[in-house]
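Please look over the model below before reading on. The paragraphs that follow go from the whole chain to single residues.

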Amino acid sequence: MPTCPNCQKDIPDEVFVLHEAHCSRFIEVCKQCDQSFPKNKKKEHDDKHHKKVKCPYCAKLVDDIELALHKTICEAKPKPCLYCGAIMELSLLLDHEDHCGSRTESCDICGKNVVIKDMPEHIQNCIEEQEYNENGSLKRKKNNHTIAKKRGKK
Ligand SMILES: [Zn+2]
Ligand SMILES: [Zn+2]
Ligand SMILES: [Zn+2]
Ligand SMILES: [Zn+2]
Ligand SMILES: [Zn+2]
């Protein structure tokens, strides 16, 4: 059975000539999805299956159905600031994080002003120190040695 060069379907010999003439005149095959449709329906087909929408982040045109996927991998996707959680475009974020992270806040545990960037580490230390202090006051003699050792390292 010959294959129609237009719609790539196998067409019986008897109707091939007829089909091909008709097909090349009226039928179009979508290059993107291999569906065939009447030529005058091309716009409808594109609207339905290949509507292009602008990615709100990088302004690229992507297929409507692919936008959700694209958004998850888009490189210009806004991300939350590490320090304050504000969501912003990547182009602004790096600068912002620089400023944002060098603000200081008072530590909930010891009340000292700590640069936000260093806060997670500080809190960790702060908690450990607190625990040492509590342990220390309870069983000072026993723990003195290990505290001194730990502090000495810093
Ligand atoms: Zn055909
Ligand atoms: Zn298509
Ligand atoms: Zn994008
Ligand atoms: Zn921030
Ligand atoms: Zn602290």
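What is the mean pLDDT of the chain, and what share of its residues reach 70 or more? This is a predicted model, and its mean pLDDT is 86, with 88% of the residues at 70 or more. Confidence is highest in strand β8, residues 113-115, at a mean of 95. Helix α6, residues 140-153, has the lowest confidence, with a mean of 50. Where pLDDT is low, predicted coordinates should not be read in detail.

The chain contains six helices and eight strands. In sequence order they follow the pattern α-β-β-α-β-β-α-β-β-α-β-β-α-α. How much of the chain counts as buried? Of its 154 residues, 0% do. A residue is called buried if 20 or more other C-beta atoms lie within 10 Å of its own C-beta. The contacts can be described by sequence separation: among those between residues at least 6 apart, 2% join residues at least 24 apart.

Helix α1 covers residues 13-26. From first C-alpha to last, its 14 residues reach 20 Å, close to the 20 Å expected at 1.5 Å a residue. There is a bend of about 35 degrees in α1, located at His19. The helix is hardly covered, and the count of buried residues in α1 is zero.

Two residues in the first part of this tour stand out by their backbone angles. Most residues other than glycine have a negative phi. Gln8, which is not a glycine, has a positive phi of about 60 degrees. Gln8 sits in the segment before α1 and counts as exposed, because it has 10 C-beta neighbours inside 10 Å. Asp34 also is a residue other than glycine with a positive phi, near 65 degrees. Asp34 belongs to the loop between β1 (27-29) and β2 (36-38). With 9 other C-beta atoms within 10 Å, Asp34 is exposed.

Further along the chain is helix α4, residues 90-101. Its twelve residues reach 16 Å between the end C-alpha atoms, close to the 16 Å expected at 1.5 Å a residue. Is α4 covered or uncovered? It is hardly covered, with a count of zero buried residues among the twelve. Leu94 is found in α4, and it counts as exposed because 9 C-beta neighbours lie inside 10 Å. The C-alpha atoms of Leu94 and Cys81 are 8.5 Å apart in space, and the two residues are 13 apart in sequence.

An unreviewed UniProt entry places the feature "domain: TRAFD1/XAF1 zinc finger" at residues 93-126. The end C-alpha atoms of residues 93-126 lie 29 Å apart, and the span is 50% helix and 18% strand.

The last residue to consider is Glu105, in strand β7, residues 104-106. Which residues does Glu105 contact, leaving aside its neighbours within four places in sequence? They are Val114, Ile116 and Met119. For Ile116, eleven residues from Glu105 along the chain, the C-alpha separation from Glu105 is 6.3 Å. Glu105 has 13 C-beta neighbours inside 10 Å and therefore counts as partly exposed.

Conventions. Residues numbered from 1 in each chain as written. Chains lettered and ligands numbered in written order. Predicted model: local features only at pLDDT ≥ 70, side-chain atom pairs only at ≥ 80, totals over all residues. Helix = DSSP H or I, 4+ residues; strand = E, 2+ residues; numbered from the N terminus. Expected span 1.5 Å × (residues − 1). Contact = placed C-beta atoms within 7 Å. UniProt positions renumbered as here; feature names shortened; annotations may be inferred. pLDDT = per-residue confidence, 0-100. Bend = angle between axes of the 7 residues up to and from the residue.
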